[in-house]
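Welcome! Here is a short briefing on charged side-chain pairs, to be read alongside the sequence and the model.

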Amino acid sequence: MATIKEIAAKAGYSPATVSRLLNNDPNLSTTTETRRKIMEVADQLGYWKDHQRKIDRSQQFKLALLYRISGEEQLQDEYFAFLRKAIIKEADAEGIQLQSFQHIEDLIAAADSFHGFIGVGADRVTIEKLTALHQKLPAGVFIDINPAPRLFDSVRPNLELTIQDALQKLVAAGHRRIGFIGGKGLKINNVQQNDVREMAFREFTSMQGIREAPVFVGGQFNVETGYQLGKQVLEQMGDHLPDAFIIASDTLSVGVLQAFNEAGVMVPRDAAIISINNSEVANYVSPPLSSYNINQETLSWMALSLLRDLIRHPSSPHVHLQVNTDLVVRKSFIPKNDD
């Protein structure tokens, strides 16, 4: 059984410092490097395995929330606002207080005060800044997306499987001309990334032999972008409108419905719609949206659990978890086996 003295001797710190750190003394002030070294030695000597009975959900860590979503984006896409609430709610339930940061530079400057961080959003960040953050605070878990999978762990909805499932349900319901409407992906190092939903749609329509699968992508994930893309669909497709669409988010879907309603296109009579996110707005548009639910509570508690393990076992390889989604059926699309 690993002892405090053995860990202290190998790590090169006093037994008192090691004991206070491993027991999460809130009054202990140490550098990130000190914490990392002691945690690595404790992990190597099997301290956590030997003391597993003493480790439970009440063990406290000082955690930060790196929330890289602007106020405008949050207002335009409520998904992120609800995700932030879910993270805070789960942390509160476990007695963990999160300090929020919007700028990476601010978190780097305060890194010595935290054991790790949860990250949400990463638009307009650079690998250089993420690398600097990793050097100061290596224990980090991103939720929903991961801009640096070689540096940080992640918990994400399985959007590839979501798109595949949506296509299978549409094909089973007799749809053969299926379009995709989405927004642009993140910018990392000032390079525009392709959104995973778009890439999955292109891949799976090709694999399933769906010959008519037009893609309409552009702008942020908001209502205005959806409206403009909806008008673009109508202008380009004319009388040859796809008989179904997969739309990457509910906010985009709201805009598309506005454009379709203005043009007299009836959903689902003229074109069925499957959306993603299952936000509250999905219930209140006309027609109500059939939308894939992303369980944000599950994402949140899995991220916190993963982060705790990462803090205790800093030498572990990076882990990337995916959470499946499920279709909440409403009037915009009814699968073949549903009445």
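Searching the whole structure turns up 8 salt bridges, a salt bridge being a side-chain nitrogen of Lys or Arg within 4 Å of a carboxyl oxygen of Asp or Glu. Please keep in mind that this is a predicted model, where local features need pLDDT of at least 70, side-chain atom pairs count only at pLDDT 80 or more, and totals for chains, interfaces and linings use all residues. Residues are numbered from 1 along each chain as its sequence is written, and side-chain values use heavy atoms, leaving out hydrogens and water.

**A link between distant parts of the chain**
- Glu105 and Lys129 join their side chains in a salt bridge, at 2.6 Å from N to O.
- This pair connects helix α7 (residues 104–109), home of Glu105, with helix α8 (residues 127–136), home of Lys129, the two residues being 24 residues apart; helices here are DSSP runs of H or I, at least four residues, numbered from the N terminus.
- Glu105 is partly exposed at 41% relative accessible area, and Lys129 is also partly exposed, at 33% (buried means under 20%, exposed over 50%, partly exposed in between, with a 1.4 Å probe and protein chains only).

**A buried pair**
- Asp195 and Arg197 form a salt bridge, at 2.9 Å from N to O.
- Both partners, Asp195 and Arg197, are buried.

**A pair within one helix**
- In the salt bridge of Glu198 with Arg202, the closest N and O atoms are 3.1 Å apart.
- Helix α10 (residues 196–207) holds both Glu198 and Arg202, 4 residues apart, or about one turn of the helix.
- Glu198 is buried at 11% relative accessibility, whereas Arg202 is partly exposed at 47%.
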